[in-house]
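Colleague: Got a minute to walk me through this one? I'd like to start with a helix and then look at the chain contact.

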Amino acid sequence: MDKKTVLNETHRDMGARMVPFGGWDMPVNYGSQIEEHHAVRRDAGMFDVCHMTVVDLRGARVRAFLQHLLANDVGKLTTPGKALYSCMLRPDGGVIDDLIVYFLSDEWFRMVVNAATTEKDLAWLGEHAAAFDVAVDARFDVGMVAVQGPNARAKAEALLPQDVRAAAMALKPFSAAYAGDWFIGRTGYTGEDGFEIMLPEADTPALWRALAAAGVQPCGLGARDTLRLEAGMNLYGSDMDESVTPLASGLSWTVAFEPAERDFIGRSALEKQKAAGSVARFVGLVLEDKGVLRGHQKIYAGEREVGEITSGGFSPTLERSIAMARISADAGDELTVDIRGKRLAVRRVKMPFARNGKACIDL
Amino acid sequence: MSNDVPSELKYTKSHEWVRVEDDGVVTIGITDHAQELLGDLVFVELPEVGAELGAGSECAVVESVKAASDVFSPLSGEVIEVNEALAEAPETINQEAYEGGWIFRLRLSDPAELEGLMDADSYAEHAESDEH
């Protein structure tokens, strides 16, 4: 039996098509995935992300703990409320999960991790937290709704509690404000402005309905995937997992090698990989012909197989098919993809493909 | 969820519909139920005109935002026409699966095969059970 978020009944009442997703019964769309996608790029849409897990980490040495645990450096976080994106690595550099961590005080950080990885993440956190006397508290009592799009913050404003509203509206990108049980981050997974709102589970269905009444389009996982793909944001389990390092996943920018004395888990493996050279490239691809790029399709340079697509699909903003792929360092620019036995030309582009309502590449 | 299942058409378990036209020709597409399961269609790979198809053979691919799905020829025969308009407007299948969303026309080599297809009532039942 798949797990259900607190919004499950609300989704069904509002006409969502539900599908199993990583052990959860989730909405894939509310009718047209493409219309939901456009609503987020042009106006405002919302996503049920209650299946993701909020983890509070508390203790006098919590910062030192996270500086050891994460590939990015929470030492960069000096203003309370500021957020950081990071990978959590195995000693061999494989990615256990990607996550967002918020600095709230010298004794309290909050982390948001993926749904499907929650169990192993909590085990990993628990294993390493003890040495730092850090308490790990998974907040299964917290609901989470992402409201995204150019008009998302304006449409959500009136629905935020009075005591956090002004602070939330004043937030800079990638930071959070909180009051009582509500926690609002100006973050997201779509390449648009917006909020991720954490609140008591019991209040979540009412917020969802009120946002819909305020003109925010309910969206399913389908649109969430095409939006993040256009925005050039990796998906754990597709674009990276425990078998690859962030350096081979387009995530080098999230690995803080400075300061050199910070000894984070996976550091020496990444340094070795870097020194050895020829790390696989993680690239954006656009299909020049009609058709759809999909995960696991093979990429060729001439007759040589040079890698494969990690995630792909149809971009509603570009009206083209786009993909992320992992290819060998010497693959070059003349690439083709094998789709059902046919070779079609793909063009290597710099990601993102689209953000903030606009295409970011030339067509 | 209930979908449109016109009574004058024949159906397959794999969610194709068949309209019997004059002169041993049939028109083939995918059902309203199939398009709804697939979601927004973004690409259709059509069969080749002149191709000889066997009943049950893969002959086209419909791709939605979610996935690629094979279309199987319900019957044996020669492809005499394909719906070129789908190349530019695959969403026509979402909008009108049984009209503008037709995929190809086949000249039957064995009209007796029509007897093996499902009628609307059986298909509606099949589609319903497929939901669960």
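Modeller: Sure, we'll take a helix, its surroundings and then the contact between chains. This is a predicted model, where local features need pLDDT of at least 70, side-chain atom pairs count only at pLDDT 80 or more, and totals for chains, interfaces and linings use all residues. Residues are numbered from 1 along each chain as its sequence is written, with chains lettered from A and ligands numbered from 1 in the order in which they are written.

Colleague: Which residues of α4(A) are buried?

Modeller: Asp121(A), Leu125(A) and Ala129(A). Buried means 20 or more other C-beta atoms within 10 Å of the residue's own, exposed 12 or fewer, with C-beta atoms placed from the backbone. Helices here are DSSP runs of H or I with at least four residues, and strands are E runs of at least two, numbered from the N terminus.

Colleague: Why are they on the same side of α4(A)?

Modeller: Because they cover an arc of only 55 degrees around the axis, judged by the directions from the helix axis to the C-beta atoms.

Colleague: And what does the face turned away carry?

Modeller: The exposed residues Glu119(A), Ala123(A), Gly126(A) and Glu127(A).

Colleague: How do β4(A) and β7(A) pair?

Modeller: Antiparallel, over six bridges; pairing needs at least two DSSP bridges. Val55(A) stands opposite Met111(A) in β7(A).

Colleague: Switching topic: how many residues does each chain give to the contact?

Modeller: Chain A gives 13 residues and chain B gives 10 residues, with contact meaning C-beta atoms, placed from the backbone, within 7 Å.

Definitions and conventions:
Two residues are in contact if their C-beta atoms, placed from the backbone, lie within 7 Å.
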